[in-house]
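Biologist: I am new to this structure and would like a close look at a single part, the aromatic rings. Please describe how they pair and where the paired residues lie.

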Amino acid sequence: MSSRLASAILLAVCVAQAIVSATVDPDQADPTHHLSERWYHDENHSVHTLFRRGGNDGIIYSPIGSPDWAQGFPADPALMQNMPQAWLDALHAAIAAGKIPDIPVTTMGGPSPTYPDGYDPMSPNVCSSSYQCRIPGDIWDGPPGTLSLSFDDGPLPPSPTLYRFLKEKQQHATHFFIGSNILQYHDYFQTVWLDNQDDIAVHTWTHPYMTTKTNEEVLAELGWTMQLIHNSTGGRVPKYWRPPYGDSDTRVRAIAQEVFGLTTVVWNQDTNDWSLSDPVPLTSLDQIASQMHTWLTGPKTPGLIILEHELSDQSVQAFMSAWDLMVSNGWKIASVAQMGDVNAYQNAWNATSPVAPARIGEISIHPPPASPTPSLSHDSSSTHVAQSTGKPSPPHTNQKNSATDRSAASTMLTWLAIFVATITVCILS
Ligand SMILES: [Zn+2]
């Protein structure tokens with residue numbers, strides 16, 4: 001009898017284990033997926049409350065390019081209008097906490113932004129990147145042996161040629177996009193996001209010299225661009241931004257970091273390729289080819305971060321012409337995130353990985369409606385058209401809710417198994 005009893009108990013335990021294990025989130029069972037379960041910032045960073053993830057957890061974004069998708073985002077003169085209060089609150093909290101240096105805005109009297117008397121752009125408290133002052137934590141160099149591929153100012157009509165080339169070479173890159181260009185050239189955005197699955201980063205909404213902007217204007221330039229990328233990538237929160245013209249300082253950088261969790265990326269080699277399409281260019285394709293040869297055959301420490309643009313057919317050509325040299329010289333060619341083997345988004349590893357779950361108490365921020373139409377609201381339960389990214393749904397979307405459901409089901413089934421085991425034991429006894 002005792003062996004039958006032991007067998008029955010063993011059987012019941014096995015059944016219980018099988019039932020429970022079948023209901024456990026495979027992400028939790030697989031340590032390689034743990035990164036998908038969390039944000040990459042500390043728990044208290046304000047960015048957690050500023051953006052909400054997409055997918056199937058209550059917010060479904062409008063199809064890219066649709067009127068609802070574009071609604072609420074500002075034209076240039078309206079950049080400051082309808083800015084979500086939560087952004088302003090986060091900015092003011094950061095200022096009150098002493099996290100945003102009180103540096104005056106610059107003026108553009110000459111080739112570089114100018115600070116008022118008494119503010120040295122090379123001093124640690126100002127540290128202007130326009131003057132090549134490097135703030136610790138900002139990215140200027142790559143790890144030894146790496147070549148970071150990044151392209152600024154897109155998406156634009158020359159972009160598809162670049163995207164086809166990158167895809168043909170099976171090469172990922174980081175694209176520092178201008179928010180208003182994403183709105184205008186959403187088809188190209190879809191291509192680089194869906195076909196290339198490249199990393200999307202922030203290059204502001206209107207491409208200004210950022211140190212000339214007030215705190216609130218800096219907030220709007222970054223926030224709107226982040227919001228549009230977030231809404232267009234299944235809820236991914238951008239991690240990197242690059243200041244237009246490389247113009248940042250301790251104040252601008254602190255707003256990006258403290259309010260929005262953004263890391264500043266500059267560069268250590270400049271092709272001046274942005275000027276190729278100008279009436280009087282500062283460089284030529286031959287000159288860029290010569291510079292590329294020097295850099296690509298030179299020392300591999302530090303790694304290269306070359307400033308390149310998807311701004312004109314010529315700038316795209318300058319990159320494509322240098323490709324063979326990049327490969328033949330043995331550089332590890334990667335996006336900014338891949339270069340450091342880190343996450344490309346604050347809440348996701350890359351374009352194809354799951355997005356980290358929303359946190360309890362998160363604020364749902366959507367661009368407010370531009371007209372009285374009641375479409376985009378702050379109510380997370382409001383109905384939106386399904387996102388048509390065409391991207392296969394991540395296997396673990398809706399993680400918070402489904403995790404809760406799984407947990408409840410698991411508990412119930414465990415008790416059921418124990419009940420069955422008890423009955424079995426009673427019968428056998
Ligand atoms: Zn730019």
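Modeller: What follows is an account of the ring pairs, with a short view of the chain around them.

This is a predicted model, in which local features need pLDDT of at least 70, side-chain atom pairs count only at pLDDT 80 or more, and totals for chains, interfaces and linings use all residues. Residues are numbered from 1 along each chain as its sequence is written, and side-chain values use heavy atoms, with hydrogens and water left out.

The secondary structure of the protein chain comprises 14 helices and nine strands; these are DSSP runs, with helices (H or I) of at least four residues and strands (E) of at least two, numbered from the N terminus. Of the 429 residues in the protein chain, 50% are buried, where buried means under 20% relative accessible area, exposed over 50%, and partly exposed in between (1.4 Å probe, protein chains only).

Rings of Phe, Tyr and Trp (its six-membered ring) pair if their centres lie within 6.5 Å; planes under 30 degrees apart count as stacked, over 60 as edge-to-face and the rest as tilted. By this rule there are twelve aromatic pairs. One of them joins Phe73 and Trp205, which are stacked, at 5.7 Å centre to centre with 15° between the planes. Phe73 belongs to the loop between helix H4 (67-70) and helix H5 (85-96), and Trp205 to the loop between strand E4 (199-202) and helix H9 (215-232), so the pair ties together parts that are 132 residues apart in sequence. Phe73 is buried, at 10% relative accessible area, and Trp205 is buried as well, at 1%.

The pair of Phe165 and Trp323 is edge-to-face, because the ring centres are 5.9 Å apart and the planes stand at 90°. Phe165 is in helix H6 (residues 159-168) and Trp323 in helix H12 (residues 313-328), so this pair connects parts that are 158 residues apart in sequence. Phe165 counts as buried at 13% relative accessibility, and Trp323 is buried at 6%.

Ring pairs also link Phe73 and Trp205 with Trp87, Trp224 and Phe260 into a cluster.

A further ring, that of Trp331, has Lys300 over its face, at 5.0 Å from the ring centre. A charge sits over a ring if NZ of Lys or CZ of Arg is within 6 Å of the ring centre and within 35 degrees of the ring normal.
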